[in-house]
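Here's a quick tour for anyone opening this structure for the first time. Have a look at the sequence and the model, then read on.

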Amino acid sequence: MPVDATLPYDDQNIFAKILRGEIPNKTVYEDDFALAFHDINPQAPTHILVIPKGAYVSWDDFSSNAGEAEIAGFVRAVGKVAREAGYVEPGYRLLANTGPDSHQEVPHLHVHIFAGEPLGPMLAR
Ligand code: 5GP
């Protein structure tokens with residue numbers, strides 16, 4: 001069900017459980033600010049999710065309420081994951097769904113990294 005990004009954080013969401021180690025994941029990268037892991041239902045040859053370790057519902061919540069170190073750490077982690085996977089030269093796409101119109105499904109901020117083939121037009125029409 002699409003997420004209402006204005007709701008308070010729900011610590012029973014699936015990515016909160018992944019962060020607590022209650023649900024397994026295929027980790028790509030981890031540091032103090034971020035965890036990156038493979039999407040369970042990949043939409044491209046490479047489909048990685050990067051999430052902040054802090055409890056933020058959405059990009060809106062994170063950009064409003066996270067501290068400077070968390071924001072810098074998270075943004076650098078997204079770049080590092082894509083760089084270390086070798087996708088700077090061929091290119092990659094970032095996506096952060098926020099709220100119902102975007103069809104956000106999990107109410108913990110996540111940035112999708114899509115890569116590994118020409119990705120086509122930005123939005124299906
Ligand atoms: P959204 O639509 O919220 O932007 O994307 C949620 C993403 O989380 C989807 O691409 C979905 O496949 C992925 N996802 C949902 N549950 C799990 C899970 O338990 N593990 C992993 N690795 N990915 C998940």
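Let's start with the ligand: 17 residues surround it, and Asp-39, Asn-97, Glu-105, His-110 and His-112 come nearest. Keep in mind that this is a predicted model. As for where the ligand sits, the space it takes is the largest pocket.

**Around the ligand**
- By class, the shell around the ligand splits into eight polar, seven nonpolar and two charged residues.
- H1, E2 and E3 each put at least two residues into that shell.
- H1 gives the most to the shell, with three residues.

**Backbone contacts with the ligand**
- Two residues meet a nitrogen atom of the ligand through a backbone N or O atom: His-38 at 2.9 Å and Ile-40 at 3.3 Å.
- His-103 also uses a backbone N or O atom, which lies 3.1 Å from an oxygen atom of the ligand.
- On its own the ligand exposes 520 Å², and the protein buries 84% of that.

**The largest pocket**
- The largest pocket holds about 970 Å³ of space.
- Its lining counts 35 residues, and the closest to the pocket's centre are Asp-39, Asn-41, Gln-43, His-47 and His-112.
- Helix H1 (14–19) and strands E2 (34–38), E3 (46–52), E4 (92–95) and E5 (111–115) each supply at least two residues of the lining.
- Sorted by class, the lining of the largest pocket has 18 nonpolar, 11 polar and six charged residues.

Methods:
Residues numbered from 1 in each chain as written. Predicted model: local features only at pLDDT ≥ 70, side-chain atom pairs only at ≥ 80, totals over all residues. Heavy atoms only, no water. 1 Å grid on protein atoms, 1.4 Å probe; cavity = no way out; pocket = protein on both sides within 12 Å on 5 of 7 lines; lining within 4 Å. Points joined across faces, edges and corners; volume = space filled by probe spheres on them. Helix = DSSP H or I, 4+ residues; strand = E, 2+ residues; numbered from the N terminus. Nonpolar A, V, L, I, M, F, W, Y, C, P; charged D, E, K, R; others polar. Near = heavy atom within 4 Å. Polar contact = N/O pair within 3.5 Å; in protein donor to acceptor, adjacent residues only side chain to side chain. Areas by Shrake-Rupley, 256 points an atom, 1.4 Å probe, with all protein chains shown as cover. Sits in = over half its atoms within 2 Å of the grid points.
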